[in-house]
Structure formats: structure tokens, C-alpha cells
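Trainee: Got a minute to go through this one with me? I'd like to start with the rings and then get to the strands.
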Amino acid sequence: MSNGKQKQTWNEIAAGTQVSYNPALLRALDEFGDYPIRNITPLDLQKSLERMAAQMYAHHSVAIYLSVLNQIFEYAVLQGDRQDNPAATLKVPKGLSSRTRECPEDEALEAIRQHVDDEFGLFAYMLLYTGLRRGELLALQWRDVDFKARTIHVTKSVTYAETGNQPVIKYPKTEAGNREVVLLDRLAKKLFPLQRKGTAYIFGGERPLTQSVYRSKWRNYCLDAGLWEWKEVVRTEGRKNVTKLVKEPSVTPHQLRHAFATMCYEAGIAPKDAQQLLGHSKVEVTMDTYTHIRKNRRDDIADKLNKAE
């Protein structure tokens, strides 16, 4: 199903996009890697989508898979390997779950508090009590922390999209990205004994962490803190793709950012103030976040009341 030209095209895709597409591409190769691309039919692809639905994949995951199939066959048509795109008329099966776990469970948040002194535990703790994006925290230097004023200056972010592994410093496109975040007392107590002068990065030392080092640290921390779950992944072994169950982190940095937004909501922080803390470009984004939190809280309360005797 693949050839040298397709591999070259894949390598030209931005690294950040490759990360989101890679599971879907591996699944496509696992399903159809041994098929001549000209022989694959719309029914073959439809059955593949239905298998994902039967395995309870979320709507978002199936949609990305279908998008990747579309791009593969569009490229095949462009190269003259096919006359048509068998994925063009297909749609994501109905009834798939679209709910994402925005905020970790209370048990996970408590584990983060209890494991703050573990290797890389401070990273998760800071995400939880600052609401910073992952890239913003990776780019944070000790000079950005003002212990006297109890503030953290957010002025930049780390990205790996251009290199795939080496950190690249990016600066905000909007003024909302440059902001001051409150340094909470509980966080200051953990940071103060560790502080260093100059331009040293809080996580990484003289330069930010590479993506591979960050991923390894985050995964190991989550496993040690009990923040993991079994996930089905596709891995290449030799010339075959093998599906395995592996332990993977059950909490993401984005979820901890959402947990901070939930704290702001429950503390009665006005949307306009929360917008500044979270670095949202528009207050409408904050309002949407608050609306989502409010709905989740209402659903949780209803569920508890329904279960009460």
C-alpha cells in the first residue's frame, strides 16, 4: 500500500502533524499493507471503520483514520496508481463517543499532590497549579519566577514541530500569550528551595528538554505515580505491525490545564480574570471552558443524586 514516493511525502509533513497521524497510518498499514492499493474497495474501508466502532474508538480517532485514508488514496490517484478514491464517499459511523476526559478524576489529582517530590513530579504539580500549557512550562526559566511578587512571567513556549525532537523557542502571536500567572503559596514552597539564578530552565537546565527526553520523563513519572492505563497500540516488529496492550499515561498536560480552569471556576474567578491567567486570546474561549465545566459538574451531581438511596 506504500511506496518510496509516499514515504518521501510523509517525511515532508510537519512533525507535530505526524504525531497525530501516526497511529492512524499504522492502523491503515496493519489493515491493508499487504493489499495492492488498486484492489482496495470502499466496502473494505467501510468494514475497517466498523471494526474501529465495534472496538469503542472515539469519534475523533475514527475521523483522523478516515482523513488519513482519504489522503493516501488521493495521493494514489495523483500518482496514477488508482483511478478513484474509495474513501471519498465514506463517513464516520454514527453513535461513536465524542466525550473527552477534560479533567482528571479526583484520585488522579490527589496522586499528583502526593507524588510532587517524585522524579518529574514537580512538572505535573506546576501544570496543575499554574494552568500553563506544556510548551510554556518547558520554556520557563528561573528568571521568569518572581518569588517576591508571587508571580510567574509567561513569555515564550517550546515546540518540536519544526525538528521532531530538538526544542525550538516560540514567542506568542498575540498579547494574550504574554501574561503573568499567580505563584500560589503551595507551589512557591516547592520551588523556592530549588531556585537557581540566571537563564537556567526549570526543566532542562541550560536548555529545554528534547521531546524524547520529555516523553520518557512524563511516561516514567505517570507509571510510578499510578497514573496509567492499559492502551492498545500498534508497533512495528520486523516487517509486520503488531497490536499490543501496553501501560500508557492516563493523564495529559492539557487535562491538568483544564483542572486549573476548574479550580478557577470553583473559586469564583470571573471569566475575564481567568482568561488572563489561562492566556486565552478571547474571553469567549474562557466562557466556553466554564460552560463545559458547569455542564460536567451538573452531570456529576445528577449522577450522584440518582445513585443515592
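Mentor: Sure, and keep in mind that this is a predicted model. Let's begin with Tyr35, which is partly exposed, at 38% relative accessible area.

Trainee: And Phe32, is that buried or exposed?
Mentor: Phe32 is buried, with a relative accessible area of 2%.

Trainee: How many aromatic pairs are there in the whole structure?
Mentor: The search turns up 13 aromatic pairs. Phe32 and Tyr35 make an edge-to-face pair, because their planes are at 80 degrees, with the ring centres 5.7 Å apart; over 60 degrees counts as edge-to-face.

Trainee: Which residues form the aromatic cluster?
Mentor: One cluster is made up of Phe120, Phe123, Phe203, Tyr214, Trp218 and Tyr221.

Trainee: What sits over the ring of Trp228?
Mentor: That's the charged end of Lys247, 4.2 Å from the ring centre.

Trainee: OK, switching to strands. In which sense do E1 and E2 pair?
Mentor: Antiparallel, over two bridges, with E1 covering residues 145–146 and E2 residues 151–154. Asp146 is opposite Thr151 of E2.

Trainee: What about the hairpin, how many residues lie between the strands?
Mentor: Four, and Arg150 in that hairpin has a positive phi near 60 degrees.

Trainee: Which strand do four bridges join to E2?
Mentor: That would be E5, residues 179–182, and E2 and E5 run antiparallel.

Trainee: Which residue in E5 is the bridge partner of Ile152?
Mentor: Val181 is the one across from Ile152 there.

Notes. Residues numbered from 1 in each chain as written. Predicted model: local features only at pLDDT ≥ 70, side-chain atom pairs only at ≥ 80, totals over all residues. Heavy atoms only, no water. Phe/Tyr/Trp six-rings, centres within 6.5 Å; stacked < 30°, edge-to-face > 60°. Buried < 20%, exposed > 50% of the residue type's maximum accessible area, 1.4 Å probe, protein only. Lys NZ or Arg CZ within 6 Å of the ring centre and 35° of its normal. Pairing = 2+ DSSP bridges.
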